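Got your viewer open and your mouse ready? Load up the structure below and let's take a walk through it together.

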Amino acid sequence: MSGNQKSARIQEVESRFNELFGHPPTILVRAPGRVNLIGEHTDYNDGFVFPAAIEREVLMAASLRSDDEIRTYALNFNQPSNFSLKDIQPAQEGRERWSNYIRAMASILQSEQVPLRGINLAVLGDVPLGSGLSSSAAMLVAAGLAFTASTETTIDPVKRALLAQRAEREFVGVNVGIMDMFISALGQANHALLIDTRSLEFEAVPMPATGVSIVIADTNKKRGLVDSEYNQRRAQCEDAVTILKNVLPDIRALRDVSLEDFERFGSLLPEIVRKRARHVITEDVRTLESVEALKRGYITRFGILMNESHESLRNDYEVSCSELDSLVEAARSVDGVYGSRMTGAGFGGCTVSLVADEAVESFRETVPNLFKTATGLNAKITITTAAPGAERLL
Ligand code: ADP
Ligand code: MG
């Protein structure tokens with residue numbers, strides 16, 4: 001997003017807030033969506049992920065109230081939803097479900113004894129909903145910032161991310177990993193974050209200063225089977241750990257199994273479980289290697305590892321689908337594309353490609369056409385740099 005478009009969106013949320021509540025906001029916060037460059041389905045195996053925040057974000061404008069009421073309004077849906085801090089319940093009505101992310105954060109902060117007070121709050125976002133770019137994490141992290149800003153409370157950003165994860169797990173009821181909230185809260189401009197999802201140690205790794213763009217392509221395929229398949233993959237990873245513990249008693253998760261150990265003992269695993277474990281173990285290796293490559297400026301190598309990640313997700317983890325495969329194939333046919341892979345949980349959603357700047361136009365022109373011919377679907381292309389993490393703007 002250019003600077004102009006960005007200030008236009010800030011102006012929009014501020015002026016709509018003014019119309020709704022009769023005064024200008026005194027608080028303005030933003031939290032970005034994210035894209036994972038490599039390290040897929042590793043987070044619930046205590047492994048490594050390498051996401052970047054994107055130039056799509058949720059903005060929240062707010063002002064203080066003198067009571068315990070939270071008056072919220074989703075500008076994208078023209079939909080109000082109100083609740084009291086004295087009794088925070090999930091919204092039952094479908095039209096107000098979006099407010100559950102805000103209710104969830106208020107409820108979790110309250111359970112942590114963080115002081116809260118009543119606020120008016122308007123939400124405006126441009127992270128596509130349900131495309132796997134984590135608009136939900138952006139909602140949670142932005143809401144957390146808005147609430148703490150209203151009482152001038154400071155919370156360490158890692159703690160913020162953990163509270164947002166708890167909010168989605170305990171209040172919204174989705175068993176999410178830590179990656180999405182972590183990168184939304186801690187992202188840095190022009191950097192991707194290597195995150196150790198066990199220790200939560202992280203390292204900001206610079207993206208190439210010039211010459212390379214992150215290109216996200218949305219299949220626009222509705223994700224169907226995700227939940228049941230996701231739970232099945234988690235269970236298969238746990239099965240692998242249980243069996244491998246017989247010969248590797250110190251392991252706690254697949255993260256602890258080296259490639260050498262896997263080559264030695266992998267034959268103990270039933271075939272499907274072996275394939276799932278092979279994806280996770282090789283993906284951790286690829287993720288660490290890709291970060292080293294990026295630090296040395298070996299973009300070509302980084303791209304090859306992205307491609308290998310896709311192959312592993314398709315063949316061993318079996319979470320790709322024909323639409324994602326077509327989109328990846330179309331992207332790779334464009335000169336100047338270093339690498340392309342599915343990103344997110346799979347079965348639909350988006351691909352991420354690393355593209356030489358001079359090839360971005362031809363990517364934009366060619367890839368949707370090839371994809372349309374192959375699948376009949378319209379791909380949506382988003383070009384982004386690595387954006388800064390959540391912050392208070394006012
Ligand atoms: P994803 O995180 O992949 O985008 P989710 O299903 O986890 O998909 O979260 C999407 C939900 O987040 C939406 O259905 C809506 O409830 C909420 N949401 C996201 N952006 C906004 C927004 N700008 N305004 C209101 N609610 C939003
Ligand atoms: Mg989500």
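Here's a tour in four stops, with something to select at each one. Keep in mind that you're looking at a predicted model.

**Stop 1: the two domains**

Start by colouring residues 3-206 together with 388-392, which make up domain 1. Give 212-384 another colour; that stretch is domain 2. If you take the centres over C-alpha atoms, the two domains sit 26 Å apart. Now look at where they meet: 30 residues of domain 1 are in contact with 42 residues of domain 2.

**Stop 2: the largest pocket**

Next, select Ser-136, Glu-168, Val-174, Val-176 and Arg-223, the lining residues that lie nearest the centre of the largest pocket. The full lining has 46 residues, and the pocket's volume is about 1,200 Å³.

Where does this pocket lie relative to the domains? Both domain 1 and domain 2 give residues to the lining, so the pocket lies between them.

To see some of the pieces around it, show strands E1 (27-38), E2 (48-64) and E5 (119-125), then helices H3 (135-150), H5 (179-186) and H6 (226-244); each one supplies at least two lining residues. Try colouring the lining by class too: you should get 22 nonpolar, 16 polar and eight charged residues.

**Stop 3: the cavity**

How many cavities of 30 Å³ or more does a search of the whole structure find? Just one, and its volume is about 40 Å³. To find it, select Pro-128, Leu-133, Ile-216, Ala-217, Asp-218, Cys-350, Lys-380 and Thr-382, which line it.

Two strands stand out here: E8 (212-218) and E11 (380-384) each supply at least two of the lining residues. E8 gives the most, with three. By class, the cavity lining has five nonpolar, one polar and two charged residues.

**Stop 4: the cysteines**

Keep Cys-350 selected from the cavity lining, and add Cys-237 and Cys-321. A disulfide is a covalent bond between the sulfur atoms of two cysteines. How many disulfides does a search of the whole structure find? Zero.

Why doesn't Cys-350 form one? Its sulfur is 11 Å from the closest cysteine sulfur, in Cys-321, and that's too far for a bond. Cys-237 has the closest cysteine sulfur in Cys-321 as well, but 19 Å away, which is also too far. For comparison, the cut-off for a disulfide is sulfur atoms within 2.5 Å.

Before you close the viewer, are these two cysteines buried or exposed? Cys-237 is buried, with a relative accessible area of 2%, and Cys-350 is buried too, at 1%.

Definitions and conventions:
Residues are numbered from 1 along each chain as its sequence is written. Chains are lettered from A and ligands numbered from 1 in the order in which they are written. This is a predicted model: local features need pLDDT of at least 70, side-chain atom pairs count only at pLDDT 80 or more; totals for chains, interfaces and linings use all residues. Side-chain values use heavy atoms; hydrogens and water are left out. Buried means under 20% relative accessible area, exposed over 50%, partly exposed in between (1.4 Å probe, protein chains only). On a 1 Å grid over the protein atoms alone, a cavity is a set of points where a 1.4 Å probe fits but cannot get out, and a pocket is an open set with protein on both sides within 12 Å along at least five of seven lines; lining residues have an atom within 4 Å of a point. Grid points are joined across faces, edges and corners, and a volume is the space filled by probe spheres set on the points. Helices (H or I, at least four residues) and strands (E, at least two) are DSSP runs, numbered from the N terminus. Ala, Val, Leu, Ile, Met, Phe, Trp, Tyr, Cys and Pro count as nonpolar, Asp, Glu, Lys and Arg as charged, and the others, Gly among them, as polar. Domain bounds come from an automatic or database domain assignment. Contact means heavy atoms within 4.5 Å.
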